[in-house]
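Subject: The structure to look through

Hi,

Here is the structure I promised to pass on. Have a look at it first, then read my notes below.

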Amino acid sequence: MADTLGFASGQALPRATLGRRGITAVDVIAFVLVAGVLLFTGYPLLTMIVTAFSGEHGFDLSVWSETFAGRGLAEATRNTVIVLVACVTLSVPIATFFAWLNERTDAHMGALSTFLPIVPLLLPPTALAIGWLFLGDPNAGFIAGLTRWALAPLGVPRSAITFGIYSWPGLIFVYLLFLVPHAYIIIAAGFRSLDPSLEEAARMSGKSRLQCLFGVSIPAIKPAIGSAALLTAIATVELYSIPAIVATPAQILVLPTYIQRLLHGQFPPATNQAVVLGLLMALAIGAVWLVQRRVAVHSQYARIGGMGVRANRISMGRMRTPARIVMFAYLAATSVLPILALLVVSLQRYWTPIVDWKNLSIAKFVDAVVQPQSRDAIVNSTILGVAAGTIAVLIAGTLAIYAADAGGRRERWIGLATKLPATMSTLVLAIGMLVAFGGPPFRLGGTLAILLICHVISRLPTASIAAESSVAQIGSQLVEASRVNGSSKARTFRRILLPLTAPGLAAGWALIFAVIVGDLTAAAMLAGPSNTVIGYRIQNIYDFGTYSDLAALGVVIAVVSGIAVGLVLRFVRPRYSGG
């Protein structure tokens with residue numbers, strides 16, 4: 001049936017089908033790219049390894065004992081594991097369900113349901129967390145204030161109304177707002193890349209909608225789901241801004257805030273201990289990646305075939321309207337509300353749950369655009385987002401396609417090279433970049449170049465995961481047809497493989513751009529007055545407590561990110577995919 005439907009189920013890209021007559025230009029390009037990735041990743045990593053195992057008199061392990069004896073480390077590790085398990089367990093199924101509704105069923109609501117799941121990506125994580133701080137603060141939050149106002153006529157005391165975002169449920173909830181779109185955008189790209197014929201055949205054989213989902217659709221995109229799980233795990237471990245804003249007031253210590261405390265919460269900074277923890281996190285993430293890759297290699301899943309296909313959506317019948325209501329209610333509650341909170345606060349002079357509609361003003365927006373520091377931060381972050389996102393997806397796409405064709409050891413080593421940055425926290429990687437490239441002989445400290453290098457390297461795993469997921473969906477028929485037609489490896493890569501992986505690469509670019517624009521972690525280490533970016537500016541505003549300025553800047557960035565991401569996801573779609 002797979003061949004009849006235009007699929008090559010469980011088959012990989014054909015090995016050595018693009019011509020192996022000596023070293024080609026593609027081989028040289030792949031070698032240069034891998035060498036560059038290893039240089040800019042390995043040099044900082046090597047610096048950290050030397051730091052972790054050396055002291056004043058050579059080889060020394062005392063920093064390891066000091067690290068393990070650190071006060072609060074066991075608590076931070078335990079809490080991080082809890083957050084990681086909860087976030088991955090919840091975010092991937094939620095993202096899969098909404099991606100299936102939007103991409104494979106007639107519950108799809110056009111551009112609205114495509115756009116809403118990724119709205120949290122358009123906000124910097126710091127602004128997203130503060131948006132829910134505005135909503136869920138037990139004293140001044142809009143939810144608590146509105147509830148008290150509504151229940152006051154009934155005689156309910158104000159002290160009886162409490163909505164605390166500073167709690168375990170609140171922390172997990174805000175994490176999910178950030179993580180679900182990350183998983184959604186990868187899984188949705190996998191659904192869009194599938195020929196719908198298998199689903200149609202399953203429906204014709206009497207399968208129910210849920211049987212079609214769990215028995216056909218989900219198994220067909222196992223690479224995308226595994227990639228999404230890996231991506232959310234990495235993002236959970238390395239994220240600093242959300243736990244800094246939500247977990248710290250709730251007295252929930254996690255590893256990112258623990259490491260930040262080592263670097264900035266004491267003098268002198270315990271840099272060596274932070275490096276040791278970074279190396280241990282690197283080993284843990286690397287082990288997770290190896291497990292995910294082994295599962296993907298031994299899985300059977302459907303791929304894009306060579307026959308023309310058309311995306312026919314599964315009819316939800318009477319369940320279409322309830323599905324739309326649930327989907328829209330969830331997405332509105334998790335995406336629209338924080339943006340509205342940011343918008344309302346940005347129009348106020350000071351944050352207050354009681355809105356004086358007569359005194360609202362756009363002065364904060366004018367300041368965000370006109371004020372030199374904010375304007376420069378917006379421009380620099382946008383440039384970095386576009387440049388780093390483009391460079392990362394081009395490198396990842398080229399290497400993923402080359403590795404799939406090469407197979408064997410080369411495929412494994414290229415995969416390891418592109419995932420190597422994921423084995424380090426962005427915070428620790430930024431420190432390594434500063435130590436390795438900030439001073440002589442490179443002297444890149446205080447420049448946009450060091451931020452660009454850090455963003456490209458730190459976001460390369462995201463681009464690589466998206467690219468590998470897309471390549472895994474490509475069957476052998478198209479490449480074999482190109483070989484029979486006499487096309488060279490370069491021509492097949494340019495005319496067939498790269499266009500077919502474009503949707504997945506676009507998804508990766510969107511993720512990278514949105515994260516870079518609002519990045520706080522790398523900015524805290526590498527940005528300053530001479531190379532100010534949004535994350536640096538947001539941190540300064542947050543430290544001074546001018547929430548309305550922060551809210552206005554968050555809205556401006558949401559608009560910039562929304563335009564860029566929306567255009568990419570709108571125009572870079574498979575030719576066989578329906579609207």
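A term you'll need straight away is pLDDT, the predictor's confidence in each residue, on a scale from 0 to 100. You'll need it because this is a predicted model. One stretch to treat with that in mind is residues 300–309, where pLDDT stays under 50. The model has 46 contacts beyond four places in sequence for that stretch. Residues 1–20 also stay under 50, and there the model has 64 such contacts. Over the chain, the mean pLDDT is 77, with 80% of residues at 70 or more. Looking at the elements, helix α3 (residues 73–104) has the highest mean, 90, while helix α20 (residues 476–484) has the lowest, 64.

Now the overall build. You'll find 24 helices and two strands in the chain. Of its 579 residues, 55% are buried. If you take the contacts between residues at least 6 apart in sequence, 82% of them join residues at least 24 apart.

Next, the inside. The largest nonpolar core has 157 residues, and F134, F142 and I187 are the ones that touch the most other members. Helix α7 (residues 168–192) is the top contributor to this core, with 17 residues. A separate core of nine residues lies apart from it, including L45, A52, V63 and V275.

Try clicking on F134. Which residues does F134 contact, once you skip its neighbours within four places in sequence? The list is A140, G141, F142, A341, L342, V345, W351, Y547 and A551.

A140 from that list is worth a stop too. You'll find A140 in the loop between α5 (125–136) and α6 (142–151). Is A140 buried, partly exposed or exposed? Its relative accessible area is 22%, and buried means under 20%, so A140 counts as partly exposed. Leaving out residues up to four places away in sequence, A140 touches F134, W351 and P353. A140 and T352 are 212 residues apart in sequence, yet their C-alpha atoms are 6.4 Å apart in space.

There are also some enclosed spaces. The count comes to nine cavities of 30 Å³ or more, and the largest holds about 300 Å³ of space. Its lining has 26 residues, and F178, E238, T426, R459 and V515 are the closest to its centre. What is the lining of the largest cavity made of, by class? It has 16 nonpolar, seven polar and three charged residues. Helices α7, α10 (222–238), α19 (448–472) and α21 (489–517) each supply at least two residues of that lining. The largest share, five residues, comes from α19.

Last, two backbone oddities. Q251 is not a glycine, but it has a positive phi of about 60 degrees. Q251 is in the loop between α11 (241–247) and α12 (255–264). Its relative accessibility is 70%, so Q251 counts as exposed. R443 is another residue other than glycine with a positive phi, near 55 degrees. R443 is in the loop between α18 (426–437) and α19. With 59% relative accessibility, R443 counts as exposed.

Cheers

Conventions
Residues are numbered from 1 along each chain as its sequence is written. This is a predicted model: local features need pLDDT of at least 70, side-chain atom pairs count only at pLDDT 80 or more; totals for chains, interfaces and linings use all residues. Side-chain values use heavy atoms; hydrogens and water are left out. A nonpolar core is a set of buried Ala, Val, Leu, Ile, Met, Phe, Trp, Tyr and Cys residues joined through side-chain atoms within 4.5 Å. Buried means under 20% relative accessible area, exposed over 50%, partly exposed in between (1.4 Å probe, protein chains only). Helices (H or I, at least four residues) and strands (E, at least two) are DSSP runs, numbered from the N terminus. Contact means heavy atoms within 4.5 Å. On a 1 Å grid over the protein atoms alone, a cavity is a set of points where a 1.4 Å probe fits but cannot get out, and a pocket is an open set with protein on both sides within 12 Å along at least five of seven lines; lining residues have an atom within 4 Å of a point. Grid points are joined across faces, edges and corners, and a volume is the space filled by probe spheres set on the points. Ala, Val, Leu, Ile, Met, Phe, Trp, Tyr, Cys and Pro count as nonpolar, Asp, Glu, Lys and Arg as charged, and the others, Gly among them, as polar.
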